[in-house]
Amino acid sequence: MSSTELPSVATANVLPKVAPVRVAEGERLRSVGFPGITLTVRSRPPVREGLPPALFVHGLGGSSQNWTELMRALDGVVESEAVDLPGFGDSPPPDDGDYSVTGHARAVIRYLDAAGRGPVHLFGNSLGGAVTTRVAAVRPDLVRTLTLVSPALPELRVQRSAVPTALLALPGVAALFTRITKGWTAEQRVRGVLALCYGDPGRVTPEGLRHAVEEMERRLQLPYFWDAMARSARGIVDAYTLGGQHGLWRQAERVLAPTLLVYGGRDQLVGFRMAQKAARAFRDSRLLTLPEAGHVAMMEYPETVATAFRDLLACTTRAEDGAVTTTETKRS
């Protein structure tokens, strides 16, 4: 479905003039508009017809570019699309300023409903993991499988290295941080992010570092960059405090889709100890632990994550085929 077939918002009227977002070889970008939000969607043309659809959702401060390597690794397995959440990547901020986990989940649901691609193989990292967990819980009809890489699910004891990120949620902290770091170069900021998110920042190639610095320079020109970061961080903190049926762990228990959980042993933002709790919470789950990985295993070890997803897909397909055969036998 083309963006012209949907209610649209003129992106040019919202985004300031900055350098264009990088598009890797084999990828393409398009904007899809709805009343109140415009989403940028990154995709790879399928290598053949009939591949099952997949949608990838990034984490806090990330973008659809975070999934480039994994999408490439899954060529021929799924038809890949990755969305820039409102206020991130090439998507402008939402008109209502709603950066809550529910607000981001609503944006993903609106896109999937409009595109008519569901049920999809849904992927989420960090904040995107919380968002996609909520999507899978409230709209099981849209999700065939769920793959979560270091999902931001509530922890009673947050790691010390994750505290600065959580502090962004406090009023005024983002503005204070902006003033304190005014003299930092884009490369200094990127190296700090890599040290926080990668198990081994040395795995980033010189070309990858250059692209990351260029993207950081672009983001720093966006007047809403820190606001989107702060409000989304606040959204995660708020989601952590919700109880009852709206609590993320309770919603994890409601997910029906077969789920692949990926946790990194060197993750400084999501505790590795949460892996077993997650494996117990999701009723149909399998767990991949990568001792050397950090917070973004799909970027550090895309081939390993891709192999684990292929195994999940194969098992899911066999189970679905078996269910169909059993049903047909009963009918006969």
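Okay, let's start with one side chain pair: the side chain of E292 makes a polar contact with the side chain of R266, at 2.7 Å. Keep in mind that what we have here is a predicted model.

So where does E292 sit? You'll find E292 in the loop between β8, residues 285–290, and α11, residues 297–300. Its relative accessible area is 38%, which means E292 is partly exposed, since the buried class stops under 20% and the exposed class begins over 50%. Then look across to G199: E292 and G199 are 93 residues apart in sequence, yet C-alpha to C-alpha they're 5.8 Å apart in space. If you skip the neighbours within four places in sequence, the contacts of E292 are G199, D200, R266, E300 and Y301.

Let me zoom out for a moment. The protein has 12 helices and eight strands. There are 332 residues, and 52% of them count as buried. Now take contacts between residues at least 6 apart in sequence: 75% of these join residues at least 24 apart.

Next, strand β5. N125 is in that strand, which covers residues 120–126. Is N125 buried or exposed? Buried, because its relative accessibility is 2%. And what does N125 touch, leaving aside neighbours within four places in sequence? The list is V57, H58, G59, W67, V149, S150, H295, V296 and M298.

Two residues around there have backbone angles I'd like you to look at. S126 lies in β5 too, and S126 has a positive phi of about 55 degrees although it isn't a glycine. S126 counts as buried, because its relative accessibility is 10%. The other one is S150, which we just met as a contact of N125. S150 is in strand β6, residues 143–151, and its phi is near 45 degrees, again a positive value in a residue other than glycine. With a relative accessible area of 1%, S150 is buried as well.

While we're on the backbone, go to G118 and P119. A cis peptide bond joins those two, with omega about 0 degrees. P119 is in the loop between α2 and β5.

Now N66. This residue lies in the loop between β3, residues 53–57, and α1, residues 68–73. N66 has 14% relative accessibility, so N66 counts as buried. Outside its neighbours within four places in sequence, N66 is in contact with M298 and M299. M298 is also on the contact list of N125.

Right, on to empty space. Rolling a probe the size of a water molecule over the atoms shows where empty space is left. How many cavities of 30 Å³ or more does a search of the whole structure find? One. The largest cavity has a volume of about 50 Å³. Its lining is made of G61, G87, F88, G89, R219, L222, Y224 and F225. By class, that lining has four nonpolar residues, three polar and one charged.

Let me pick F225 out of that lining. F225 is in helix α8, residues 225–241. Its relative accessible area is 9%, so F225 is buried. Not counting residues up to four places away in sequence, F225 touches R219 and L220, and R219 is itself one of the cavity lining residues. F225 and P92 are 133 residues apart in sequence and 9.8 Å apart in space, C-alpha to C-alpha.

Then there's the second largest pocket. Its volume is about 180 Å³. It's lined by 14 residues, and R28, R30, S43, E79 and E81 lie nearest its centre. Which elements supply at least two lining residues each? Those are β1 (28–34), β2 (37–43), β4 (79–84) and α2 (101–115). The lining divides into six nonpolar, two polar and six charged residues.

Last stop, the cysteines. How many disulfides do we count? Zero, with a disulfide taken as a pair of cysteine sulfur atoms within 2.5 Å. As for exposure, C197 is buried, because its relative accessibility is 15%, whereas C315 comes out at 29% and so counts as partly exposed.

That's the tour. Over to you for questions.

Terms used. Residues numbered from 1 in each chain as written. Predicted model: local features only at pLDDT ≥ 70, side-chain atom pairs only at ≥ 80, totals over all residues. Heavy atoms only, no water. Buried < 20%, exposed > 50% of the residue type's maximum accessible area, 1.4 Å probe, protein only. 1 Å grid on protein atoms, 1.4 Å probe; cavity = no way out; pocket = protein on both sides within 12 Å on 5 of 7 lines; lining within 4 Å. Points joined across faces, edges and corners; volume = space filled by probe spheres on them. Helix = DSSP H or I, 4+ residues; strand = E, 2+ residues; numbered from the N terminus. Nonpolar A, V, L, I, M, F, W, Y, C, P; charged D, E, K, R; others polar. Contact = heavy atoms within 4.5 Å. Polar contact = N/O pair within 3.5 Å; in protein donor to acceptor, adjacent residues only side chain to side chain.
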